[in-house]
Amino acid sequence: MSLEDTALRNDIKYLFFFFLFLISCSKKHKEYADNVFFYSEFPQEKELKGEVIELDTALLRYPFRIRIKGDKAIVMDLHGLDHYGHLFQYPSFQYLSSFGKRGDSPTEMLSMENFRLQDRGVWTLDANKSELTRLDFSSSGDSLLRDEAVTLDEDILRPLDFAIYNDTMFIIPDYSGENRLCRVNCNGKLIDKIGIIPTIDEKALKNACPALAQAWRSFLDYNPNNGILATVTQLGEVVEVYNLKDSIHVVRIGEHGEPEFKISDGYGIPTGIMGFSDVQVTDSAIYTVFHGTSFKEIARQSGRLPDGGKYIYVFSLKGEPLCKYVLDHYVYGIWVDEATKTIMATDVNNDQPILKFNFG
C-alpha cells in the first residue's frame, strides 16, 4: 500500500470519527431544553491585582460575604467565634460593632448562611433554626439591633440562601429536589414553588431528588431594579437567569458541565469540581466568583491549595459571557460597585482578608 493510500485511509478514518463526535455532541446538547445554552470562552479576559485593606482588628476567621451600602460595610464570618456579622465604616474599614451573637438562646444564632441589606436594616438567615431575622441600624448608625424574627415553614427544607424579592416576599432555594425555588411570604409561610433542576439526569430526578438538590446547591442574588434573579451552582458550572418581570428563564452551562456527584446513604457526595461561591446582580451585569478546582486535586493537595476562586466571571443579564477576570488572590465573596469600577472581596487565606480590585 502506498503512502498516499495510507494517508487517504487515515483521513477518512479521522473524518468518520469526527462525524461521530459531532453527532454525539449534538445529541447530548439536544437532550437539554431549548432554554439551555453552552459557553466555553469569554470575549474578554483581564488580570486584576488586589489591594489589601489593613484592618485594625483581628475578628474574622472565615469571611464569607461582604456587602456595602453608603458609608457602611458588613462582613459575614461563616465560622465566627462570638458573632457572625461585623459592621465597619466604609471606605476606611474602621471597626464599629458586631451582631448575630453565636449561641442557642432565643435571641442568638446557631449559624448564619447569608445576609441581605434592605432600607435601614439587615436580614440574616439561620439555617439551623430555620429562621430569618431582621436587624435595624441604631440611631447613631454604628450598630445593628435585633428587631424581629420569622420562623420558616416546615415545608422549606434546610434553607441555605435567600434573596429579598420585595417587602412581602423572600426567595429561597428548594432542597427537596421537587422544584428549584420557593417563594415565601414575610411571615415565613410557603406561597409556592417554581422551576425544576435543569439536569438531564432523569434517573436522579426520579429516584434521588434530595441528593440531586444537594449537589445542585446554588447561591443566588436578585436585583429589584431590573427584575433579574441569578443562581450559580456551588459544584459544576451552571448559571441560571430568571427574569421575574417577564418569566423568561435561561440556563448557561460552562465547560465543566453540571454538578457531578455520587450517592452514598442518601446523600450527594461531590466528585467533580468546586464551582461558584458568590453572585451579584447589578443593574447591568451578573458578577460571579468561580473556583474550577477538582475534588481530586483538592484531595491530592491535602489542604495545601488556597481556599477560594481566582476568577470573577461576568455575564450579561441574559447570561451571556462577557468578561473573565483573573485575580492575584483567591477570594470567596464579592461586592461590586459599577459606579466606581470597584470590587471588594474576602480572602479566607490571609490575616488581612479584605481586598479591593479596580476594574475600570
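In which helix is the place of Ala211? Ala211 belongs to helix 3, which spans residues 209–215. The legends below describe close-up views of a predicted model.

**Figure 1. Ala211 in helix 3 of the predicted model.** The view is centred on Ala211, a member of the helix formed by residues 209–215. Ala211 counts as buried because its relative accessibility is 2%, under the 20% limit applied to buried residues. Arg134 serves as a distant reference: 77 residues in sequence separate Ala211 from Arg134, and their C-alpha atoms lie 31 Å apart in space.

**Figure 2. Surroundings of Thr133 in strand 10.** Strand 10 covers residues 131–137 and includes Thr133. With a relative accessibility of 5%, Thr133 is classed as buried. When residues up to four places away in sequence are not counted, Thr133 touches Val122, Trp123 and Thr124, together with Arg146, Glu148 and Ala149.

**Figure 3. Domain 1 and domain 2.** Domain 1 is made of two segments, 38–60 and 197–345, whereas domain 2 is the single segment 62–151. Taken over C-alpha atoms, the centres of domain 1 and domain 2 are separated by 23 Å. To the contact, domain 1 contributes 18 residues and domain 2 contributes 17 residues.

**Figure 4. The largest pocket and its lining.** The largest pocket has a volume of about 750 Å³. Its lining consists of 28 residues, and those nearest the centre of the pocket are Leu117, Tyr222, Asn223, Pro224 and Trp335. By class, the lining of the largest pocket holds twelve nonpolar, six polar and ten charged residues. At least two lining residues come from each of strand 4 (63–69), strand 8 (114–118), strand 12 (163–166), strand 16 (218–223), strand 22 (273–281) and strand 26 (334–337). Both domain 1 and domain 2 take part, each supplying at least three residues to the lining of the largest pocket.

**Figure 5. The second largest pocket.** About 360 Å³ of space is found in the second largest pocket. This pocket is lined by 21 residues, with Thr293, Ile298, Leu305, Pro306 and Gly308 closest to its centre. Two or more lining residues are given by each of strand 23 (286–294), strand 24 (309–315) and strand 25 (321–331). Strand 23 provides the largest share of the lining of the second largest pocket, with four residues. The lining of the second largest pocket divides into nine nonpolar, seven polar and five charged residues.

**Figure 6. The largest nonpolar core.** In soluble globular proteins, nonpolar side chains tend to be buried together. In this model, the largest nonpolar core contains 51 residues, and Ile74 and Ile286 touch the most other members. Strand 22 gives this core its largest share, five residues. At least three residues of the core come from domain 1 and at least three from domain 2. The contacts of Ile74, leaving aside neighbours within four places in sequence, are Arg65, Ile66, Arg67, His86, Leu87, Phe99, Phe115, Leu117, Val122, Phe137 and Leu144. Another core, of 17 residues, lies apart from the largest core and includes Tyr287, Val331, Leu355 and Phe357.

Notes: Residues numbered from 1 in each chain as written. Predicted model: local features only at pLDDT ≥ 70, side-chain atom pairs only at ≥ 80, totals over all residues. Heavy atoms only, no water. 1 Å grid on protein atoms, 1.4 Å probe; cavity = no way out; pocket = protein on both sides within 12 Å on 5 of 7 lines; lining within 4 Å. Points joined across faces, edges and corners; volume = space filled by probe spheres on them. Nonpolar A, V, L, I, M, F, W, Y, C, P; charged D, E, K, R; others polar. Domains from an automatic or database assignment. Core = buried A, V, L, I, M, F, W, Y, C linked by side-chain atoms within 4.5 Å. Buried < 20%, exposed > 50% of the residue type's maximum accessible area, 1.4 Å probe, protein only. Contact = heavy atoms within 4.5 Å.
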